[in-house]
Amino acid sequence: MNEKIVIIGNGIAGSTLALQLAKEGTGSVTLISDESSYFFSRTALMYVYMGHLTKEQLEPLSRESWDQSPIQRVKARVLSINPENKELSFRNNEGEVKQLSYDRLVIATGSKPAFYDWNGQEAEGILGLYHLSDLEKLEKWAPNASACPEAVVIGGGLIGIELCEMLLSRQIKTTLIIRENFFWSSHLPESDAQLVEKHIQSHHLNLIKEDELLEIRADDTGRVASIQTKKGETISCNLVGLTTGVRPNIEFLKTSRLELDKGILVDEYLKTSDPSIYAIGDCAQLRNPLSNRSAIEPVWYTSKLMGETLAQTFSGQPTPYNPGIWYNSAKFFDLEYQTYGRVHPKALQPENEQHFHWETDEKGMTFAYDKTSGAFLGVNTFGIRLNHRIVSSWIETAITIQEVIRRLEEAHFDPEFSNRYYKQINHAFVQNH
Amino acid sequence: MHSYRTTSIQKVFTYMGLSGLAVLILAGFTASFLKSTGLFIGLGLISIGVIGYTFSSYSGLPAGIKNNGVWHQSLTSRGIVAWVVGVILTAFYVTLYFYPEHLEGLIRLFDPLSEGLSGKKASQWFVYGVLYTLAIVLFGIKFIIKYKHSKYQKYRTYSVIFFQTIFAFLIPEIMARLNGDLPYYDLKSIWPLNYYLFDGYQLDGFLQNGSLGTILLIFGILSTLIITPILTYKFGKRWYCSWVCGCGGLAETAGDPFRQLSDKSLRAWKLERWMIHLILAWVFISTVGVVYSYLLQAPDSYLLGPKIFLISVSLLFSLVVGLILWKRKDWLAKDAQSSAIAISSVILLLLGFFFFSESDRVLFIPSYQIRSAYGFFIGSIFSGVIGTGFYPILGNRVWCRFGCPMAAILGIQQKLFSKFQISTNGGQCISCGNCSAYCEMGIDVRAYAQREEPIKRASCVGCGICSAVCPRGVLRLES
Ligand SMILES: Cc1cc2nc3c(=O)[nH]c(=O)nc-3n(C[C@H](O)[C@H](O)[C@H](O)COP(=O)(O)OP(=O)(O)OC[C@H]3O[C@@H](n4cnc5c(N)ncnc54)[C@H](O)[C@@H]3O)c2cc1C
Ligand code: SF4
Ligand code: SF4
């Protein structure tokens with residue numbers, strides 16, 4: 001039986017699944033997506049605007065390999081799905097609306113920027129940073145500092161800071177406004193946030209804390225001219241970046257009777273409330289999140305892992321989704337950041353979680369451990385690379401913080417000849433404990 | 001349209017460097033113009049230009065990757081400027097190799113410098129050596145400042161600057177001063193890169209110069225057979241390609257702005273493997289042929305008779321190839337195995353011809369002709385004209401990747417018995433593609449990193465740039 005598998009969305013989740021199925025010869029696969037004909041790395045959008053990469057270089061797999069694969073690719077927007085008839089309707093490039101039937105449907109439609117209803121947000125010169133089309137908008141509105149001398153970015157998550165770096169790379173004066181009293185306080189302990197703040201300010205980013213966007217004002221031509229904050233400040237600007245987070249891209253499912261919350265609710269086999277429909281990637285929300293992990297995790301590797309997991313299930317080996325120990329990484333301008341396990345910010349820090357922070361010029365680490373047992377819970381590291389497999393295994397086996405500090409050099413992953421800080425860290429730890 | 005336009009200070013220094021070049025050219029054409037002071041004014045302006053440009057570009061900037069605007073600037077994205085520079089460089093190489101008489105004026109400018117060093121008048125190669133060394137030093141300084149946050153990048157650049165100025169440039173000049181008949185010998189240039197090492201006139205030079213000559217000859221043979229494999233086992237081919245070699249040295253310094261231009265297609269990879277190994281076979285056969293004919297001229301005057309020589313070379317060669325195919329079969333793809341067998345059989349066949357025909361002819365062509373064809377097509381056209389002249393179009397390592405027989409040998413060693421590899425850091429790769437884009441050898445590093453596999457490729461020269469540009473700390477060179 002050649003089952004007809006339809007996947008909506010050719011991001012990392014959908015593409016991983018499609019390629020894996022094609023490799024194993026499972027089913028006949030149709031990949032339907034509206035943004036681009038070929039899978040690209042959304043994570044690297046910034047490098048195109050900054051001139052590090054060409055658009056083609058965003059594509060991890062050559063176009064030739066896609067064209068040769070048995071996967072059918074359709075560039076179209078899915079308008080709605082109809083689970084009763086196992087059918088969906090889509091609008092193709094020519095604007096025609098058509099139907100497509102499936103045996104199994106996988107929804108991998110990712111996220112979209114979360115805009116709130118701000119006054120004046122329909123002015124020209126306002127954008128989020130998520131899609132390829134946002135790059136085009138940037139090239140149009142902010143090609144250089146003479147066309148766009150000043151910009152304001154609202155919201156200091158990972159995407160917001162990337163947008164700031166992009167704009168500054170073209171010498172555009174950039175202001176970042178965050179609501180909290182320190183940077184990325186939803187994720188970072190204060191000491192880490194300060195380290196990052198110091199670094200980003202050394203790159204001439206104007207950081208305004210504890211303030212919020214009130215409204216956006218346009219000039220006579222309809223182009224944004226300034227913004228006003230809640231505290232009453234007016235900042236003139238030619239571009240506004242709204243990077244106040246992302247949310248699952250699921251509007252087109254509202255009529256489908258699939259069980260939705262913030263995202264599409266799925267069980268540990270990534271199955272939705274309909275037994276022929278699955279959801280993976282940013283748009284999926286786990287009904288029962290695993291311990292120490294969130295129900296929605298809009299990151300690259302989880303989306304990829306969901307694609308791989310579902311491919312196994314479809315190929316006859318039902319496999320529950322199990323991402324293991326949490327990890328992630330980012331780069332704030334030139335400051336690399338990796339995190340393994342959980343190091344909670346103050347507001348979310350459980351009673352029993354204790355931190356040890358060490359820092360020296362532009363490098364730092366914060367270790368989290370259990371106050372009573374001393375078990376190692378996680379680490380944030382800035383400017384020093386650690387070995388993923390080794391640190392994860394330490395968290396998994398819950399070795400003590402003392403042992404971690406003593407053996408830290410085993411997890412060394414910096415390039416050869418780099419300075420080693422492990423003795424210093426050990427010394428600081430011993431003095432404190 | 002973009003804001004990566006060069007600033008006015010950068011422009012001033014660019015013009016200064018260019019005017020230095022202009023002074024050299026003018027002084028070269030009209031020998032009366034400025035005389036030798038023209039040399040020092042020209043070289044001085046070039047140096048101030050490059051160093052000034054470097055500081056105006058990077059000083060005051062925080063340490064970190066400096067790739068902003070690479071694909072927006074004409075020079076680094078195969079724009080018009082790139083083509084103009086490419087054409088000028090190519091023209092310079094063609095003149096240097098084939099029409100040096102047109103450079104007579106320029107060469108005479110360098111006489112005082114040459115006389116000061118070796119006591120001889122300058123030749124076109126002296127001029128080339130000075131400009132080459134100057135390029136590595138000046139652009140090496142630029143590279144070091146650009147990558148000031150990475151000790152690996154700084155150290156290997158100190159190393160190539162050192163080997164170029166001392167080993168390639170100064171020592172041979174000084175040796176020439178001490179002992180005029182010794183062949184010009186750059187100690188770090190190893191056969192088969194140094195394909196003329198065993199030419200008749202070179203051998204004469206070594207053998208007629210007493211113990212120093214003999215020691216040099218023995219050192220030359222040991223470099224290829226013993227020293228090279230040991231170092232490659234320990235460190236990978238990078239010990240040579242990115243730390244010592246002059247071609248690599250120029251590619252890493254003056255060629256650094258062009259590393260992203262390397263062809264990443266599968267087709268290029270296939271072409272690379274055929275070309276580099278056929279060139280290795282070519283240099284091998286012609287060298288054996290040349291030595292054989294040297295020995296044939298006076299069969300009894302050396303310890304090594306021509307036939308004994310051929311037999312031992314064939315045995316050694318078969319032993320090495322046999323060992324590889326036996327011990328490392330699983331490490332080689334099917335097509336790699338069959339092409340290795342094909343190329344080796346042809347080589348053995350040709351050695352057999354030598355033996356039985358008692359002449360050094362390869363299919364009726366005398367081996368000195370094969371050797372001089374090699375010198376012309378590979379040694380001059382490929383390594384110089386295409387390898388360097390085309391930096392702004394094909395990238396900075398075209399020669400190293402498609403042409404260099406030394407890289408071929410080191411690559412085989414690296415792939416089959418070396419502790420070197422690039423490890424990837426678990427699941428941290430976000431498939432951004434910076435590593436692949438900036439790999440000068442055209443390796444699709446991302447393809448390995450996103451599968452969490454280590455990179456063990458024959459062509460990797462261990463420049464470490466993939467690891468430097470990776471925004472997620474995924475790649476680590478290890479040995
Ligand atoms: C600027 C930026 C930087 C990021 N950096 C990182 C990072 O460093 N590390 C990290 O872990 N994560 C990062 N992320 C997050 C990461 O990119 C996402 O988690 C990941 O791309 C999600 O993959 P996905 O396949 O679920 O969805 P997506 O990549 O969003 O792909 C879904 C595709 O489906 C299409 N689609 C949606 N609806 C429809 C429809 N109705 N019909 C047809 N097609 C549709 C969309 O247009 C889209 O192309 C970043 C995100 C952004 C925007
Ligand atoms: S793989 Fe990395 S180290 Fe090797 S040549 Fe390419 S960029 Fe250099
Ligand atoms: S540069 Fe790093 S994160 Fe980007 S694709 Fe290469 S290994 Fe992955």
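**Figure 1. The open sheet of chain A has seven strands.** In this predicted model, the strands follow the order E5-E4-E3-E2-E1-E6-E18, and their pairing is mixed. At the edges you will find E5 and strand E18 (277–279), each of which pairs on one side only. From one strand to the next, the twist averages 35°. As a reminder when you follow the side chains, those of a regular strand alternate between the two faces of the sheet.

**Figure 2. Strands E4 and E5 of chain A form a hairpin.** Here we look at the E5 end of the strand order. Strand E4 (residues 87–92) and strand E5 (residues 97–101) run antiparallel and are joined by five bridges. One pair to pick out is Arg91(A) with its bridge partner Val97(A) in E5(A). Four residues lie between the two strands, and Gly95(A) takes a positive phi near 90° in this hairpin.

**Figure 3. At the E18 edge of the chain A sheet, E18 pairs with E6.** Strand E6 (residues 104–107) and E18(A) run parallel, with three bridges joining them. To find your place along this pair, look for Val106(A), which stands opposite Tyr278(A) in E18(A).

**Figure 4. Helices H1 and H7 of chain A lie across strands of the sheet.** Helix H1 (residues 12–24) lies across strand E1 (4–8), strand E2 (28–33) and E6, and runs at about 160° to E2(A). Helix H7 (residues 300–314) lies across E1, E6 and E18, running at about 175° to E6(A). E1 and E6 thus appear in the list for H1(A) and again in the list for H7(A).

**Figure 5. Helices H1 and H2 of chain B pack against each other.** We now move to chain B, where helix H1 (residues 8–29) meets helix H2 (residues 37–58) at an angle of about 160°, with axes 7 Å apart. An angle over 145 degrees counts as roughly antiparallel, and H1(B) and H2(B) are therefore roughly antiparallel to each other. Their crossing is left-handed. The residues of this contact comprise 13 nonpolar and eleven polar ones, with no charged residue.

**Figure 6. Helices H12 and H15 of chain B cross at roughly 140°.** The axes of helix H12 (residues 266–297) and helix H15 (residues 367–386) come within 9 Å. With this angle, H12(B) and H15(B) are therefore oblique to each other, and the crossing is left-handed. On the H12(B) side, the contact includes Met275(B), Ile279(B), Trp282(B) and Val283(B). From H15(B), the residues include Tyr368(B), Arg371(B), Tyr374(B), Phe377(B) and Phe382(B). By class, the contact has twelve nonpolar, three polar and one charged residues.

**Figure 7. Residues of chain B surround ligand 2.** Among them are the cysteines Cys439(B), Cys460(B), Cys463(B) and Cys466(B). Also around the ligand are Ile422(B), Met441(B), Ile443(B), Val445(B) and Val461(B), together with Gly462(B) and Gly464(B). This shell divides into nine nonpolar and two polar residues, and none is charged.

**Figure 8. Ligand 3 is surrounded by 13 residues.** The closest are Cys429(B), Cys432(B), Gly433(B), Cys435(B) and Cys470(B). Two elements give two or more residues to this shell: helix H19 (434–438) and helix H20 (445–449) of chain B. By class, there are nine nonpolar, three polar and one charged residues around ligand 3.

Technical notes. Residues numbered from 1 in each chain as written. Chains lettered and ligands numbered in written order. Predicted model: local features only at pLDDT ≥ 70, side-chain atom pairs only at ≥ 80, totals over all residues. Heavy atoms only, no water. Axes fitted to C-alpha atoms, helices over the stretch in contact; angles between N-to-C directions. Parallel < 35°, antiparallel > 145°, perpendicular 65-115°, else oblique. Left-handed = near helix turned anticlockwise from the far one by under 90°. Nonpolar A, V, L, I, M, F, W, Y, C, P; charged D, E, K, R; others polar. Near = heavy atom within 4 Å. Pairing = 2+ DSSP bridges. Contact = heavy atoms within 4.5 Å.
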